[in-house]
Every structure is written in C-alpha cells, then in structure tokens.
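Student: I have a protein model open and I'm not sure how to read it. Could you walk me through some features, one by one?

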Amino acid sequence: MRKFLFTFLSLLFFYVSFGQNKSLKVTYFYPKDSLLFNQQFEELEYNYEFKTYGKTTMIVHCESAFGVFDFIFKKQIFKLSRILDYENTSVSEVFDFKTKKWKLTEDSNPYPTTNTEVVDTINYSEHNLYALIVAHDHGGIVQKAKFQDFGNVVYWPEFDYPNCSISDENKDGIPEFYLSYFGNSDGLDAKPYKQIVYTFNNKNIEKSKATSYYPSGNEEDKYHVDNDENWKKLPISIQNKSQKLIKNHKLRFETN
C-alpha cells in the first residue's frame with residue numbers, strides 16, 4: 001500500500017511540476033483595456049511604437065514556461081472616406097484627422113436640402129497592417145518577428161481578429177502564433193485569405209503560410225488553398241489548427 005501511495009504521489013508531483021508548466025496563460029487586450037494593460041506591464045505600453053506602426057488594435061499576451069510574449073496588432077491609417085447614400089442622391093465625405101470630423105470631398109454632391117435619412121453607408125480605409133511579436137527579456141522588450149501588409153486605394157487588407165491567437169497545439173510548452181487576415185480589393189483577382197503561423201526553432205521564429213483564394217468574377221477561378229513548404233513541415237496538430245481557422249473563415253464568408 002505504501003509503495004502504491006509513493007508511486008501515486010511521485011506521478012502527481014511529476015504532473016504538477018512538469019505537465020502544468022507546459023500550459024500557457026493567454027489574455028486578450030483591446031483598446032478599451034489599454035489603461036489596464038499599462039498598469040500590469042510597466043516595460044511595454046499598449047500603443048507600443050505608435051509613431052512607426054500606428055495605433056494598436058489588439059494585444060494577445062502569453063505567459064509560458066518558455067517565456068513571456070506579446071502579439072501586437074497594428075493599423076496605420078492614412079485616409080478614411082465614405083459614401084452616404086440617400087434616397088435621391090449620394091454624398092462623398094473624407095475624415096479630417098485634425099478636426100476629428102467628416103467633411104465633403106471636392107467632387108461630392110451637396111447634402112440633401114431636406115432632413116433625409118441615410119439609406120446606406122460605404123466606408124473606405126487606406127491603411128497599412130502590422131503585427132509584432134515581442135518577448136519580455138530581463139525587464140526589457142525584444143522584437144522577435146514583424147508582419148506587414150500595405151494597403152492602397154484599391155486593396156484593403158484586414159485582420160481576422162477572431163482567428164488571431166496564441167496556443168500550444170502540439171503540447172511542447174512552446175507557444176505558436178496564429179495570424180489570419182483577408183485581402184479585399186475592387187479587382188477581378190482572387191481574394192486571398194492568409195493564415196500565417198509563427199513557430200520557434202530554438203530561439204528563432206519561423207514563418208509558415210497557408211493561403212485560400214476566393215473567386216472574384218472570373219469564371220475559371222475556383223476556391224483553393226495553397227500551403228508553402230514551411231507549412232508542410234509543421235506538426236500535424238499545428239496544421240490542423242491552421243486548417244480549422246481557414247475553414248472558420250470560409251464558413252463565415254459564405255454565410256455573409
């Protein structure tokens with residue numbers, strides 16, 4: 001009986017000491033949580049590198065036995081515009097960042113003379129996207145990886161925030177970083193949805209990518225998914241997570 005009890009306690013100690021150490025603690029912070037974030041982490045401000053990369057739209061904070069990391073999502077906006085559709089006319093506006101107000105563009109129709117409600121609004125944003133992976137190291141911050149995709153007048157990339165995360169799918173105690181985003185445009189080229197996985201190889205980060213293409217007007221185009229060579233080398237559990245994120249977006253895209 002004592003031998004059995006000793007074995008049980010030994011296994012329990014092993015689980016508590018080693019098994020639990022591999023679990024991750026992941027917390028999401030949004031702009032509304034910026035004050036809380038700044039209070040918790042003195043070495044990193046929520047709007048980290050604002051002048052270089054623009055405003056922070058989300059931070060995924062991860063604490064693990066392997067280290068403490070922040071996955072920082074950024075949007076650098078250059079121009080905001082919109083079209084307001086009324087019953088008998090439409091109005092084109094641009095946002096003035098100095099006054100924080102909308103104003104008519106030079107070539108716009110005038111506002112309706114009567115109190116007419118807006119029937120529909122179409123918004124446009126010219127911006128760049130960035131995402132940074134930083135590590136907390138001896139009271140400081142070390143940048144481990146940087147993602148960027150630049151938009152323009154006819155191309156509008158957007159993060160798919162619900163499908164951006166940190167997890168440990170292969171249970172080795174080392175976090176993986178999942179970044180998902182969609183590149184929309186007004187052309188006939190297939191629209192790409194990109195699912196990027198950042199994984200550690202020793203202390204260095206490697207990037208793997210799966211891209212699904214949505215047809216956009218060309219009859220010969222068909223939905224398909226391409227995986228790069230790094231993605232094909234990922235553990236099956238990580239590949240499965242990446243594929244699930246792609247399927248989640250496809251289901252949402254087709255039902256909207």
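Tutor: Sure. Let's start with a single spot: H138 sits in the loop between strand 6 and strand 7. Keep in mind throughout that this is a predicted model.

Student: Okay. Is H138 buried or exposed?

Tutor: The general idea is to look at relative accessible area, where over 50% counts as exposed. H138 has 82%, so it is exposed.

Student: What about its backbone? What is the phi of H138?

Tutor: Phi here is positive, about 50°, even though H138 isn't a glycine. The residue belongs to the turn of a hairpin formed by strand 6 and strand 7, with two residues between them.

Student: Which other residue has a positive phi without being a glycine?

Tutor: K171 is one, with phi near 55°. You'll find K171 in the loop between strand 9 (165–167) and strand 10. Its relative accessibility is 62%, so K171 counts as exposed. Then there's K100, with a positive phi near 60°, in the hairpin of strand 4 and strand 5, where four residues lie between the strands.

Student: Now the strands themselves. How do strand 6 and strand 7 run, parallel or antiparallel?

Tutor: When you read a strand pair, ask for the direction and the number of bridges. Strand 6 and strand 7 run antiparallel and are joined by ten bridges. For a landmark, look at A131, which stands opposite F147 in strand 7.

Student: How many bridges are there between strand 3 and strand 6?

Tutor: There are 16, and that pairing is antiparallel too. Here you can use K79 as a marker, since K79 stands opposite E126 in strand 6. Strand 4 and strand 5 (residues 101–104) also pair in the antiparallel sense, over four bridges. In that pair, D96 has K101 in strand 5 as its bridge partner.

Student: I keep hearing about a core. How should I look for one?

Tutor: In soluble globular proteins, nonpolar side chains tend to be buried together. In this model the largest nonpolar core has 23 residues, and F71, F73, F147, L179 and Y198 touch the most other members. Several elements give two or more residues to this core, among them strand 2 (55–64), strand 3, strand 10 (176–185) and strand 11 (191–201). Strand 6 gives the most, with four residues. Apart from that core lies another, of twelve residues, including L44, Y46, I72 and V134.

Student: Which residues does F147 contact, leaving aside neighbours within four places in sequence?

Tutor: The contacts of F147 are L129, Y130, A131, F159, L179, Y181, I196 and Y198.

Student: On to charges. How many salt bridges does the structure hold?

Tutor: Eight. A good habit is to ask where each partner sits along the chain. One of them joins the side chains of E158 and K75, at 3.0 Å from N to O. E158 is in strand 8 and K75 in strand 3, 83 residues apart, so to speak a link between distant parts of the chain.

Student: Are those two side chains buried or exposed?

Tutor: They fall into separate classes. E158 is partly exposed at 29% relative accessibility, while K75 is buried, with a relative accessible area of 15%.

Student: Where are the partners of the R82 and E93 salt bridge?

Tutor: R82 is in strand 3 and E93 is in strand 4 (residues 90–96), eleven residues apart. Their side chains meet at 2.6 Å, N to O. E93 is buried, at 4% relative accessibility.

Student: What about a salt bridge within a helix?

Tutor: Try K250 and E254, whose closest N and O atoms are 2.6 Å apart. They are four residues apart in helix 5 (residues 236–255), so about one helical turn separates them. K250 is partly exposed at 25%, and E254 is exposed at 51%.

Student: And which charged residue is buried yet has no salt bridge?

Tutor: Look at K74, in strand 3 (residues 67–85). K74 is buried, and the nearest side chain of opposite charge, E49, is 7.7 Å away. A salt bridge needs the atoms within 4 Å, so that pair doesn't qualify. K74 does have a polar contact, though: its side chain and that of T56 are joined at 2.7 Å.

Note on methods:
Residues numbered from 1 in each chain as written. Predicted model: local features only at pLDDT ≥ 70, side-chain atom pairs only at ≥ 80, totals over all residues. Heavy atoms only, no water. Buried < 20%, exposed > 50% of the residue type's maximum accessible area, 1.4 Å probe, protein only. Lys, Arg positive; Asp, Glu negative; His and termini not counted. Polar contact = N/O pair within 3.5 Å; in protein donor to acceptor, adjacent residues only side chain to side chain. Core = buried A, V, L, I, M, F, W, Y, C linked by side-chain atoms within 4.5 Å. Contact = heavy atoms within 4.5 Å. Pairing = 2+ DSSP bridges.
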